[in-house]
Amino acid sequence: MIPQGKAVPSASARRILDLRFVDLMDKMRKNRAGDDVELLRRAYDFAAERHSDQTRASGEPYLSHPLEVAHILADMKFDATTLAAALLHDVVEDTKVPLDRISEMFGPEVARLVEGTTKISRLDFLAPEARQAENVRKMLLAMVNDVRVVMIKLADRLHNMRTLQFLEPERQQRIARETIDIYAPVANRLGMGLIRGELEDLAFSYLEPAAYIELAKKVASKQKVHDRFLDDVQKNIREKMVASGIPAEVEGRIKRLFSLHLKIESQQRALDQVYDLLAIRVITDNVKNCYAALGVIHQIWRPVPGRFKDYIAMPRPNLYQSLHTTVIHAGQPFEVQIRTQEMHRIAEQGVAAHWKYKDGTVTGGPAQAGMQTEDQRILWMRQLIEWVQEMEEPSEFLSTLKVDLYPEEVYTFSPKGRVVVLPRGATPVDFAYAIHTEVGNQCVGAKVNGQIVPLRHALANGDVIEILTQKAHSPSRDWLIFVETSRARSKIKHWINLHEREEATVVGRRLLEREARQAGVSLKQISDEALQRVASEYGCGRVEDLYADLGYGKWSAKQVIAKATGDTPGNQAEQQPQKLVSAVKRVLGMHDGAILVRGHDDLMVYRSKCCNPIPGDEIVGYVTRGRGIAVHSTACPNVQKLLYEAERRIPVEWGNATEATFSVRLRIRTEDRPGMLAEITAVISDAGANIRTFESGGEDLHARVEVALDIHNRKQLERILVSIKKIPGIFGIERLYNI
């Protein structure tokens, strides 16, 4: 974080920092007895000198920040090189020390870690889409080269989040949003449960303070009841484990607030109905005793059907291993997690668990950066970087990334017993591409557990999938609607783009030849230089790209010929087609005065019915064959699912303010209580919106309300959404699209 000001720290403040550094040295000696203590001391002294006149927004000496970052990493038993880089991670950017000097004083390895962390610090993950995609790519590349770079950055972000209260609200929101969208999911993918959980809770408290406070109050109001319950259960389990001769540590916990918030919203449950609100962790010495402990638990309490998961036999992609079962005691469901000490360390520290010493010799870390366990954990990054080389469209890359950062696993099997881990909602097409690209491309059908199923069938845990293939068969664009994995989406898009572009190029050349004949010239008579000049004017690197754009209907063949031959149509000839286009627009209702196509004023434009964008939404246009420009919201599911190729994309923007109203549909999930509907309609009415339709229904203690509104713009919609969320008993609200 950038220093906020300059001030010389007092002698007492420096003494406190020095004592904190002594604590850091003690941690390192305890965790990594053979490491270079002198390297750490020199790094601290240098950082203290360079940051001596800088303070944080809190008024503390700036040195406190890198020192706390180093402590976070020391708690994870990182090596002296990583801790030294943590102490120095801001000196290059904030004190203008040349990287060469860092290398000269502390060695090339420390300098490389500082450089990598500095590069990530400069990335703006909330930048416009193209720059954002490139920034995430750079971060992933840094992680693959040396994951310690991102470990330092995660520790840096964690300490910044812990002290975020000292910044102005706008920066709090920006940093919290970046944290929950990028850093927390990356920590999850690296298996770092502790850091991920704290990052999510801290970000949640700033992004949705009202929801955070309300949920925290609910949990706190039952804290004593929960503590008594957990103490009772832990005592029972300890006694049974001793009686069974199973060595075990037993601890209890209440589910983290952000995770709880997501579960309440997604499952529309009350707090007491969340199965894993309370959890017991049983930590034993080996895998055999994990299963023995499971048997003991099931002897004490009956398991809840369908709530058992064996992540020991089938670890998650981030190498998380544990047995999960849900049981009920005194009417209260709770989850029991059973694992070994090593599994517990990996669950909390993830990739950091391998940076350790044993008897003074390295058993993990940079010396073994290519070891199998680490390769498995960061394999997704390497695969993602490999797949995205084919992706030119930023939105395509970011959509792919979101799928990979938020996995909920389904474990499936090939007929020969090969385990294929896929995200929840994955289909046989995803399975086919996970096996091999050609199996995916030639997929014509699938059998799940011996039964023929549609290709859009959602796979479940334990399914055995057999893919039916046919040579010369090709992927369908419709597959993009339902596939879930980045690999499948990437391969389908690659095949479609390759073949459709070839077809569009042929069509475009034919259109140009026909237009040239009508103009009384031959295409062969137009020089390559002239065509290349016109292609450049249209933003195309090659003439073949111009042909492809013409084939997609992006440009007018008549205009291209006129530009290439230097023949400018007369005013009379020019006005007639414009009048005709305007008439067609009016007749077909394909002109929306609120939307402008950049650089054009005669194209037919219409708002797509699938998402019905409203002024203020981020929008994108796609050229359609024979219908003009279809304008979608960038949040439209059809855009998110990448149903359109990049070649058809065209920049569009909202024009002047209009008095027109636009239809928007909302779905609201609420408690079923008297007065709720009246409160919702009052909020909508106060915001000046008209209610077209209003439907509600309920089951148990929950209700679902669907309402169609006439509104003027996105600002009005956002006011309505914020006000409805403030109503007590609202579980969630979402905008509906016509898919």
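**A strand residue, a cysteine pair and two crossing helices**

Isoleucine 629 sits in strand β18, which covers residues 628-633. This is a predicted model, and everything below is worked out from its atoms. So is isoleucine 629 buried or exposed? Isoleucine 629 counts as buried, because its relative accessibility is just 4% and the cut-off for buried is under 20%. Its C-alpha atom lies 9.4 Å from that of arginine 648, a residue 19 positions away along the chain.

Next come the cysteines. How many disulfides does the structure hold? The count is 0. Cysteine 610 and cysteine 636 show why a pair can miss out: the closest cysteine sulfur to that of cysteine 610 belongs to cysteine 636, and at 3.5 Å it is too far for a bond. A disulfide needs the two sulfur atoms within 2.5 Å. Looking from the other end, the sulfur of cysteine 636 has that of cysteine 610 as its closest cysteine sulfur, again at 3.5 Å. Both partners are tucked away from the surface by the same cut-off of under 20%: cysteine 610 counts as buried because its relative accessibility is 11%, and cysteine 636 counts as buried because its value is 1%.

Then there is a pair of helices to look at. Two packed helices are described by the angle between their axes and by the distance between those axes. For helix α2 (residues 37-50) and helix α6 (residues 99-106), the axes come within 11 Å and cross at roughly 150°. Which hand does the crossing of α2 and α6 have? It is right-handed. On the α2 side, the residues that meet α6 are Leu39, Arg42, Ala43, Phe46 and Arg50. On the α6 side, Arg101, Ile102, Met105 and Phe106 meet α2. Sorted by class, this contact between α2 and α6 has 6 nonpolar residues and 3 charged ones, with no polar residues taking part.

Finally, the protein as a whole. How many helices and strands are there in the protein? There are 29 helices and 24 strands. Of its 739 residues, 49% are buried, and isoleucine 629 is one of the buried residues. Among contacts in the protein with a separation of 6 or more, 68% are between residues 24 or more positions apart. As for the outside, the accessible surface of the protein comes to about 35200 Å², and carbon and sulfur atoms account for 50% of that area.

Note on methods: Residues numbered from 1 in each chain as written. Predicted model: local features only at pLDDT ≥ 70, side-chain atom pairs only at ≥ 80, totals over all residues. Heavy atoms only, no water. Helix = DSSP H or I, 4+ residues; strand = E, 2+ residues; numbered from the N terminus. Buried < 20%, exposed > 50% of the residue type's maximum accessible area, 1.4 Å probe, protein only. Contact = heavy atoms within 4.5 Å. Areas by Shrake-Rupley, 256 points an atom, 1.4 Å probe, with all protein chains shown as cover. Axes fitted to C-alpha atoms, helices over the stretch in contact; angles between N-to-C directions. Left-handed = near helix turned anticlockwise from the far one by under 90°. Nonpolar A, V, L, I, M, F, W, Y, C, P; charged D, E, K, R; others polar.
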